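Me: Could you take a close look at one helix in this model for me, and show how it fits into the rest of the chain? A walk-through in plain words would be great.

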Amino acid sequence: MKYLQKIDDSEIVEEEWTYDRASDRPKIRLALLGEQRGFCAYSERYVSKTDAVDIEHFDPRIKGTTNDNYRNWYAVLHWLNIHKPKFIEPHLPILPPSAADLSERITYEDGLFQIVEEGDTEAQNLINFLGWNKPEVVEDRQKHVQRVQFMQEMLGDEELFLNQLRSDKMNLSFATALEVELGIDVDALLT
């Protein structure tokens, strides 16, 4: 949930890059990853140099139309992109991923993303559509949190632990889970 926000002064918008122009796609992908601080927008996993990353069109209905633009694009791991439903219609109405109130409507508890208010269909549809609680993603997230927690216990010293986290951004994957389950301020470690 941390890497879904859009910025008003995006280089993509300022440079008027378009997905339709194939030569702009690598620049768009890099710019999106930069804005997302190197993380997959959907899973919050840090993207390594060997990962396949796609420019994901959140709403597939507008891909290839004049409405398909920066606000609809996210850099995501290829696996998540191909495992996301092809059709958004069964998931409508849906909360836009860059909604300002996203973190007030969706929370992370007990290893899963959950709606805050019962009956918030838009928020539940977003969780389902993006696959945040797909078994494979949940398992990866849980294993990562366990590895980081083990690292914390083994190192003992808090400053040593934080330096170890900073040394490899892969350690900071699944940022929301790390923040909630282990109390780690991922943003502070990225600066």
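Reply: Happy to help; here is a look at helix α5, starting with the whole chain and then moving in.

A word on the basis: this is a predicted model, in which local features need pLDDT of at least 70 and side-chain atom pairs count only at pLDDT 80 or more, while totals for chains, interfaces and linings use all residues. Residues are numbered from 1 along each chain as its sequence is written, and side-chain values use heavy atoms, with hydrogens and water left out.

The protein chain has 9 helices and 4 strands (DSSP runs numbered from the N terminus, with H or I over at least four residues for helices and E over at least two for strands). Along the sequence they follow the pattern α-α-β-β-α-α-β-β-α-α-α-α-α. The chain is as compact as a globular protein of its length, because its radius of gyration is 17 Å, close to the 16 Å that the globule rule gives for 191 residues (taken over C-alpha atoms; the rule is 2.2 Å times the number of residues to the power 0.38). Buried residues make up 45% of those 191; here buried means under 20% relative accessible area, exposed over 50%, and partly exposed in between, with a 1.4 Å probe and protein chains only.

Now to α5 itself, residues 121–130, where Ala123, Asn125, Leu126, Ile127, Phe129 and Leu130 are buried. Among the elements covering these buried residues are α3 (78–83), α4 (102–105), β3 (106–109) and β4 (112–115). Just after the helix, Gly131 takes a positive phi of about 70°.

Leu126 also belongs to the largest nonpolar core, which has 57 residues (a set of buried Ala, Val, Leu, Ile, Met, Phe, Trp, Tyr and Cys residues joined through side-chain atoms within 4.5 Å). Leu126 is listed there among the residues with the most contacts inside the core, along with Tyr42, Phe58, Ile106, Trp132, Leu165 and Ile184. Phe58 ties back to the helix: beyond its neighbours within four places in sequence, its contacts include Leu126, Phe129 and Leu130, as well as Tyr42 and Tyr74 (contact means heavy atoms within 4.5 Å).

Finally, consider Thr107, which lies in strand β3, one of the elements that cover α5. Thr107 counts as partly exposed because its relative accessibility is 23%. Outside its neighbours within four places in sequence, Thr107 is in contact with Leu112, Phe113, Gln114 and Val116. Its C-alpha atom is separated by 9.9 Å from that of Glu117, 10 residues apart along the chain.
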